[in-house]
Amino acid sequence: EVHIKEPIEKEVNPRLLPGELLLCEASTVYKYIQEDGSNRGTCGKLVCTNFKIAFLDDDSASDDNEHQFKNKIVGENDITLQCVDQIYGVYDEKKKLLTGQLRKYPEKLIIYCKDLRVFHFCLRYTKEEEVKRIVSGILHHSQTPKLLKRLFLFSYASAAPNNTGKYRRNQTVMFDTLEDWRGELERTKGNVKYKAVTTNEGYRVSEKLPLYFVVPICISEERQFTNFYHLVNVFLQIWCWSCHNGAALLKMSAFPKEQDDSTSQTQKAFLDGIYKTISKPPYELLKMDDLSSSLPSLQDIQTAYTRFKQLFLIDNSTDFWATDVKWFSLLESTNWLEIIRRVLRKAIEVAECLERQHTNVLLIEESATDLCCVISSLVQVMMDSYSRTKSGFQSLIQKEWVIGGHGFLDRCNHLHKSDKEEAPVFLLLLNCVWQLVQQYPPAFEFTETYLTVLSDSLYVPIFSTFFFNSQHQKDINMSGESLKTQSGPFRFLTVWDWSVQFDRKAQAFLNNPLYAEKPKPDKSQRKTARFKHQRQLSLPLTQTKSSTKRGFFREETDHLIKNILGKRIGKFINSSDEPPNSFREFYESWHSKPVDYHGLLLPRIDGPEIKVWAQRYLRWIPEAQLHGGGTIATAAKILDLMEEVQSLQVKMDEEHSQA
């Protein structure tokens, strides 16, 4: 089945980006088609550059691949170095994790990716020298600790300075200027009680804080304000967002545990003064919520996700059907869905304080840059319809995560410095937002495909968005020495410029054609829409055609079951900590009314409503695919239909004007 002669005659070279260098390559490598145990595959060349690992075969040379959704930067057979999760070698049919220097080189290489792809490369027919070079090259460049300046981000920015930094800022608010913060205060009507401050210009107060941020007016006028920051180097009551009724969401980092008495007394005196001021009118009552005690730790989140992703890193068909029998018990034992449920529940509690109790909420966490970001972002998505538009959601990520100081570099472990710091905090947010998107599709201007692509972009090091720990770290590295002679500072790309990765046709998949732009005043229409939505959420488990694949209990292992993942697992998720009555009352009274897609949105969080994000986690497993293409096929059909309607409208307008 493998034709060797032709590909060897026709030399296939990798397409290199500006600043990308070919480091090592190996010919006559077979890439297995991961479908069954028949070892079928294609022959080609495996290469490693300072940006990616790529497999090149005949198809790579031709542009005839008619993919409607094609990434311009990362191809189907490309793995960016940051996307590599683990690498295994196969020696005499035994799988072994590869690390460090190798004494013996494997006959087969298995690469597990962070976007859950699995690549199998056979090196049995490759020259021994090339095997040594490619295996050690891939291991070295993707697994060993590296310096920040060695990231491809800098090579790309120095080689293509003219193409970067051209993104039109009017689409997404970047929150790197004072005007951006003032604009947000004005938009949320928070400027009556809160003020954007320039206290940290030049990072003279703290490197952890952004250049500009918002605090209560009474604090900004305190003379002790800057002294206090110097003293304890913590976030203090930084404003996130204001509700329509004036109540605000604030965040603050917890005080260092080990400190001397004089420091703690100063803190206490200062805080007492602050609370006395902020608890009086015009400020609302203040409720504090320590997230480190009410939510799982980062270690728990990392452990749960590590277990969870193993369910989707499937080597072959046999493994798939073997795990399928225990699917629900395996899923439950990971605890990942339960963590998502707890996070959503916490966001609803905060929303209740702001919306119903008119109370300010102060989120507290050790650094205020992890779970604080998750909860504050979720609350805004639930309460502010602007955050459910594409530009609004992107501005939210900029404000709370990028400028807010989330340590993307450490949490994604981009530099392979320390596994202890790694935790999928941003992925947790995207998983929670996906629950809302799939429960209330018309409320969001973006699609689940947008969220999937955003999660993939975490590992594409040509954008600076997800490759720094803070605004300060980015700023000091922008003006650094370049790899070539560089005039002026580096100009990095932002991930929000989707034209870098996708052409216009592909970008259409990121936008929801059924987004309800204006709320419909007709109540009967709203009720009907809601009823249909509930019907969709309870697809029957029976009446499905049994699978032709071999597996235990054919009806049980039907491919459809994995696409209605959440349905049965709900029986196993029990609400161990039942919410208090006021919360339950707020939750149930909201769900008893018709949905206003431009008002408050509360996710359904009881057991079976929390589902697995099937598009992200099951997209590479052929056995789990839905015949007919599922929601993405429906979306494509609707887009085609809309284009047709628009072109007909144009024709009608032309006819009308001629008449």
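**Figure 1. Y305 and F308 both sit in helix α10 (residues 298-310), 3 residues apart, or about one turn of the helix.** What you're looking at is a predicted model, where local features need pLDDT of at least 70 and side-chain atom pairs count only at pLDDT 80 or more, while totals for chains, interfaces and linings use all residues. Residues are numbered from 1 along each chain as its sequence is written, and side-chain values use heavy atoms, leaving out hydrogens and water. Helices here are DSSP runs of H or I with at least four residues, strands are runs of E with at least two, and both are numbered from the N terminus. Y305 is buried, and F308 is too; buried means under 20% relative accessible area, exposed means over 50%, and partly exposed is in between (1.4 Å probe, protein chains only). Both residues belong to a cluster linked by ring pairs, together with F312, W327, W336, W434, W613 and Y617.

**Figure 2. Y617, another member of that ring cluster, lies in helix α24 (residues 614-618).** With a relative accessibility of 1%, Y617 counts as buried. Setting aside residues up to four places away in sequence, Y617 touches L116, Y305, F308, F312, W336, N431 and V612, where a contact means heavy atoms within 4.5 Å. Look for L311 as well: Y617 and L311 are 306 residues apart in sequence, but their C-alpha atoms are 9.1 Å apart in space.

**Figure 3. Y30 and Y125 make an edge-to-face ring pair.** The protein has 36 aromatic pairs, counting rings of Phe, Tyr and Trp (its six-membered ring) whose centres lie within 6.5 Å; planes under 30 degrees apart are stacked, over 60 edge-to-face, and the rest tilted. In the pair shown, the ring centres are 5.2 Å apart and the planes stand at 80°, so it counts as edge-to-face. Y30 comes from strand β1 (residues 22-32), and Y125 from the loop between β8 (118-122) and α3 (128-143), so the pair ties together parts that are 95 residues apart in sequence. Y30 is buried, at a relative accessible area of 10%. Back in Figure 1, Y305 and F308 form a tilted pair, with 6.3 Å from centre to centre and 40° between the planes.

**Figure 4. Helices α13 (residues 336-355) and α14 (residues 371-383) cross at roughly 60°, and their axes come within 9 Å.** That makes α13 oblique to α14: angles under 35 degrees count as roughly parallel, over 145 as roughly antiparallel, 65 to 115 as roughly perpendicular, and the rest as oblique. Axes are lines fitted to C-alpha atoms, for helices over the stretch in contact, with angles running from 0 to 180 degrees between N-to-C directions. The crossing is right-handed, meaning that the near helix is turned clockwise from the far one by less than a right angle (anticlockwise would be left-handed). On the α13 side you'll find V343, L344, K346, A347, I348, V350, A351, L354 and E355, facing V374, I375, L378, V379, M382 and M383 of α14. These contact residues divide into 13 nonpolar, no polar and 2 charged; Ala, Val, Leu, Ile, Met, Phe, Trp, Tyr, Cys and Pro count as nonpolar, Asp, Glu, Lys and Arg as charged, and the others, Gly among them, as polar.

**Figure 5. Helices α15 (residues 390-402) and α18 (residues 448-457) pack at an angle of about 30°, with their axes 13 Å apart.** That makes α15 roughly parallel to α18. Their crossing is right-handed. K390, F393 and Q394 of α15 meet Y450, L451 and L454 of α18. By class, that gives 4 nonpolar, 1 polar and 1 charged residues in the contact.

**Figure 6. I53 sits in strand β3 (residues 52-56).** It is buried, with a relative accessible area of just 1%. Beyond its neighbours within four places in sequence, I53 is in contact with L46, V47, C48, N77, D78, I79, L81, V84, I111 and I138. Of these, N77 is 24 residues from I53 in sequence, and the two are 8.4 Å apart from C-alpha to C-alpha.

**Figure 7. Helix α4 (residues 152-159) has 7 of its 8 residues buried, so it is largely enclosed by the rest of the structure.** The buried ones are F152, L153, F154, S155, Y156, A157 and S158. They pack against α19 (471-478). For the wider picture, 54% of the protein's 659 residues are buried, and its secondary structure comes to 25 helices and 14 strands.
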